[in-house]
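The following exercises are to be worked with the sequence and the three-dimensional structure at hand. Each task is followed by a solution in steps.

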Amino acid sequence: MKFNAGWLLGGLVAVLLSTAWVTAGADTDIPTKFSNRGSIANTRHNMTQRQAEGGGPAATNMDPYRNDYQEVCVYCHTPHGANSNVALPLWNRTIKATTYQTYNQLGTASLTQPVTQPGPNSLACLSCHDGQVGVDSVINMPGSGGYNANQATTQSDTFLNAWNNSRGPDATRHMGLNQTGCLACHSAGALLGGNATDFAVFVIGTDLRNDHPVGVRFPTAGPGVDFKPPTATRVGMAWFDDNSNRRPDTNEVRLYDSGEGFEVECASCHDPHGVPSNGVGSQFNPTFLRVTNAGSALCLTCHSK
Ligand code: HEC
Ligand code: HEC
Ligand code: HEC
Ligand code: HEC
Ligand code: HEC
């Protein structure tokens, strides 16, 4: 590009704007090499090696630190031998028994609704995002890789070490999203260096007091002044059926009932597979959101403000 003052100014404005967005927590995204369209395979939720497809961790960086199962779904799902401790679709991941610090413990005077421990549709996400277990900690490794029912609640490195990586060195560590795990490279001032994208903001941890409440019951009285009522319900779920097709579509915000009434959970706002922003094949909404938050559209789906 030809150097000129206008370009310099534009660049500065862009830098200032992007910094402001990050600190203000608006709906922007940390740049990725993945295309973020078509499939979860082209998103950050692909834990395999996908350099050839334009995104994904480089083998040399990653192979020592997590098993490369070479299948995108298996880090979360398995067709057989799934985790039956938790009401989640064919769940293959370790879910460690945990008592989370919940949003109500912050003690804001304005919170009116009861908050319980996160339900299944949050525990799914927290099984990676609280940083307690490795991203590769699964019950059923692909093919004849091995099966261990104890993995449903407890990560065994001995079990995970049995995985044989056919296209690179075997992993000797099974890192999670925490300071001494993936963030050993993926953070500012990283322990292992490596100049990798900073993932610090992706680490939710076990203290949920600084996150939008989850496990919080949606007010049922309604059409209320403060909340918009969902427009469809079935057993276990209520949702904002924007296209009136009576199906909870990926781009519709939903509430989950895991026995305590309809509650907000992580998957109310996010779909971990990616949601096309404008029909099949289009770029996914940033940060796996079901509804773009441009103009605070996501917030305004539930809140009347
Ligand atoms: C009420 C809606 C809502 C709920 C519930 C919710 N999120 Fe989010 N989440 C958002 C929005 C909006 C963003 C984008 C924020 C931004 O761009 O700064 C986001 C961003 C993120 C990010 C990217 C990091 C960041 O701060 O930008 C992660 C990781 C994340 N959410 C995980 C979770 C997990 C895990 C849960 C459950 C514990 C959860 N979210 C519950 C709305 C929600
Ligand atoms: C990073 C974890 C993750 C990966 C990888 C993943 N999923 Fe999922 N999947 C989930 C979670 C979490 C749910 C439950 C969402 C909810 O709470 O409603 C789910 C739900 C589903 C469902 C049922 C509900 C729905 O949304 O249709 C299907 C089908 C599914 N996944 C298929 C797949 C397939 C096929 C792949 C691989 C191409 C895949 N998933 C990869 C996390 C994942
Ligand atoms: C298999 C582990 C795993 C599970 C399960 C998982 N994530 Fe993630 N997610 C990650 C990792 C690791 C990252 C960090 C980025 C990366 O790997 O590139 C990430 C990144 C994200 C981001 C940031 C994406 C971006 O481009 O800025 C969001 C948002 C997010 N996850 C939300 C969720 C939500 C919500 C769920 C549950 C519905 C979930 N994740 C389940 C591993 C997981
Ligand atoms: C030894 C250093 C190191 C460790 C440890 C490490 N990474 Fe990376 N990773 C890198 C480097 C270097 C890159 C390429 C530069 C970049 O994209 O940030 C990368 C890239 C990635 C990418 C592609 C980012 C994108 O959006 O294009 C993902 C996803 C990823 N790593 C996930 C992980 C996860 C999950 C862990 C923990 C299990 C992890 N990494 C641990 C060094 C590391
Ligand atoms: C799926 C529905 C839903 C979505 C989407 C949603 N919220 Fe909420 N939000 C709730 C519920 C339910 C409560 C609990 C209200 C109460 O206890 O009075 C709540 C509470 C809050 C509170 C009050 C917390 C307190 O301490 O009183 C704030 C602030 C808030 N949400 C902001 C947001 C923002 C900002 C967004 C968009 C990023 C958002 N919400 C998206 C359902 C939602």
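**Exercise 1.** Determine whether His303 is buried, partly exposed or exposed, and describe the iron site to which this residue belongs.

*Solution.* Step 1. Relative accessible area is computed with a 1.4 Å probe on protein chains only; under 20% is buried, over 50% is exposed, and what lies in between is partly exposed. His303 has a relative accessibility of 25% and therefore counts as partly exposed.

Step 2. This is a predicted model, in which local features need pLDDT of at least 70 and side-chain atom pairs count only at pLDDT 80 or more, while totals for chains, interfaces and linings use all residues. Residues are numbered from 1 along each chain as its sequence is written, chains are lettered from A and ligands numbered from 1 in the order in which they are written, and side-chain values use heavy atoms, with hydrogens and water left out.

Step 3. Donors are N, O and S atoms within 2.8 Å of the metal (3.2 Å for Na, K and Ca); water is not among the atoms, so sites may look incomplete. For the iron atom of ligand 5, the protein donors are His212 (NE2) and His303 (NE2), at 2.0 to 2.1 Å.

Step 4. Six donors count as octahedral if opposite donors are over 155 degrees apart and all others between 65 and 115. Around the iron atom of ligand 5, the six donor atoms subtend angles of 87 to 179°, and the arrangement is therefore octahedral.

Step 5. Helices (H or I, at least four residues) and strands (E, at least two) are DSSP runs numbered from the N terminus. His212 lies in the loop between helix 4 (157-160) and strand 3 (216-217), and His303 in the segment after helix 6 (297-302), so the pair ties together parts 91 residues apart in sequence. His212 is exposed, its relative accessible area being 52%.

**Exercise 2.** Which residues coordinate the iron atom of ligand 3, and where do they lie in the chain?

*Solution.* Step 1. The coordinating atoms are NE2 of His45 and NE2 of His129, at 2.0 Å.

Step 2. His45 belongs to the loop between helix 1 (5-24) and helix 2 (59-62), whereas His129 is in helix 3 (residues 120-129); they are 84 residues apart.

Step 3. The six donor atoms around this iron atom of ligand 3 subtend angles of 87 to 180°, which makes the arrangement octahedral. His45 is partly exposed, because its relative accessibility is 23%.

**Exercise 3.** Describe how helix 3 is enclosed, and what surrounds Ser127.

*Solution.* Step 1. Seven of the 10 residues of helix 3 are buried, so this helix is largely enclosed by the rest of the structure. Among them are Pro120, Leu126 and Cys128.

Step 2. Contact means heavy atoms within 4.5 Å. The buried residues of helix 3 pack against strand 6 and helix 5 (266-269).

Step 3. Ser127 counts as buried because its relative accessibility is 5%. Apart from neighbours within four places in sequence, Ser127 is in contact with Trp91, Arg93, Thr94, Ile95 and Val133.

Step 4. A polar contact is a pair of N or O atoms within 3.5 Å; within protein, one must be able to donate a hydrogen and the other to accept it, and residues adjacent in sequence count only if both atoms are side-chain atoms. The side chains of Ser127 and Arg93 make such a contact, at 2.9 Å. A polar atom of the Ser127 side chain also lies 2.6 Å from the backbone oxygen of Ala124.

Terms used: Four donors count as tetrahedral if all angles lie between 85 and 135 degrees; four count as square planar and six as octahedral if opposite donors are over 155 degrees apart and all others between 65 and 115; anything else is irregular.
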